[in-house]
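Trainee: I should like to learn how to read the features of a protein model. May we go through one together, term by term?

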Amino acid sequence: MSSAAYKKIELVGTSPNSYAEATRNAVEKASETLHGLSWFEVSELRGAIKDGKVDEFQVTLKVGMKLD
C-alpha cells in the first residue's frame, strides 16, 4: 500500500451569475498553473451589491492537491 501527501490552498472565485460558476471559475483558473488538484471544499459564500442588486457572487474555497 502506498501513502500520499496533500496540500490545501485557499482560492476565491467570482462570477456575475452564480456561486456554482464562481466555484468553477476558481478551480479552472487554478488548474491552468497547478497540477494534481483532487478536491475542493467551500468555506465561505458572499457577494457584492451594486445599485440595490446582486452584482457579483464570491466563493472562498480550499483546494486539495496531491504532492509528487
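Mentor: Let us begin with accessibility: a residue is buried under 20% relative accessible area, exposed over 50%, and partly exposed in between (1.4 Å probe, protein chains only). Glu41, with a relative accessible area of 34%, is therefore partly exposed. Please note that this is a predicted model, in which local features need pLDDT of at least 70 and side-chain atom pairs count only at pLDDT 80 or more, while totals for chains, interfaces and linings use all residues. Residues are numbered from 1 along each chain as its sequence is written, and side-chain values use heavy atoms, with hydrogens and water left out.

Trainee: How are strands and helices identified, and in what order do the strands form the sheet?

Mentor: Helices (H or I, at least four residues) and strands (E, at least two) are DSSP runs, numbered from the N terminus. Two strands pair if DSSP finds at least two bridges between them. Strands of a sheet pair through backbone hydrogen bonds, either parallel or antiparallel. Here three strands make an open sheet in the order β1-β3-β2, with antiparallel pairing. Because β1 and β2 stand at the edges with a single partner strand each, one side of each has no neighbour in the sheet. On average, neighbouring strands of this sheet are turned by 15° against each other, direction ignored. For such angles, axes are lines fitted to C-alpha atoms, for helices over the stretch in contact, and the angles run from 0 to 180 degrees between N-to-C directions.

Trainee: How many bridges join β1 to β3, and over how many do β2 and β3 pair?

Mentor: Strand β1 (residues 6-15) is joined to strand β3 (residues 53-66) by ten bridges. The antiparallel pairing of β2 and β3 extends over twelve bridges. As individual examples, Ser15 has Phe57 in β3 as its bridge partner, and Ile9 stands opposite Val63 in β3. Phe40 also stands opposite Val63 in β3. The hairpin of β2 and β3 has two residues between the strands, and Asp51 takes a positive phi near 55° there.

Trainee: Which strands does helix α1 touch?

Mentor: Contact means heavy atoms within 4.5 Å. Helix α1 packs on the sheet and touches β1, β2 and β3, and its direction makes about 130° with that of β1. Glu28 is found in helix α1 and is partly exposed, with a relative accessible area of 49%. From Glu28 to Gly47 there are 19 residues in sequence and 20 Å in space, C-alpha to C-alpha.

Trainee: What is a salt bridge, and how many are counted here?

Mentor: A salt bridge is a side-chain nitrogen of Lys or Arg within 4 Å of a carboxyl oxygen of Asp or Glu. By this rule there are three salt bridges. In one of them, the side chains of Lys8 and Glu41 meet at 3.6 Å, N to O. Since Lys8 lies in strand β1 and Glu41 in strand β2, this pair ties together parts that are 33 residues apart in sequence. Lys8 counts as partly exposed, at 45% relative accessibility.

Trainee: Which residues form the other pairs?

Mentor: Glu32 and Lys29 meet through their side chains in a salt bridge of 3.3 Å, N to O. Glu32 counts as exposed at 57% relative accessibility, and Lys29 counts as exposed at 53%. Arg46 forms a salt bridge with Glu44, with their closest N and O atoms 2.6 Å apart. Arg46 is partly exposed, having a relative accessible area of 29%, and Glu44 is partly exposed at 40%.

Trainee: Which residues form a nonpolar patch on the surface?

Mentor: Patches are made of residues with over 30% relative accessible area and no salt bridge; like charges are joined within 9 Å, and nonpolar side chains (Val, Leu, Ile, Met, Phe, Trp, Tyr) within 5 Å. Accessible areas come from the Shrake-Rupley method with a 1.4 Å probe, and for residues only the protein chains shown count as cover. In this model, Tyr19, Phe40, Val42 and Leu45 form a nonpolar patch with about 370 Å² of accessible area together. Strand β2 (residues 37-50) supplies the largest share of the patch, three residues. Tyr19 is found in helix α1 (residues 19-30), and counts as partly exposed at 32% relative accessibility.
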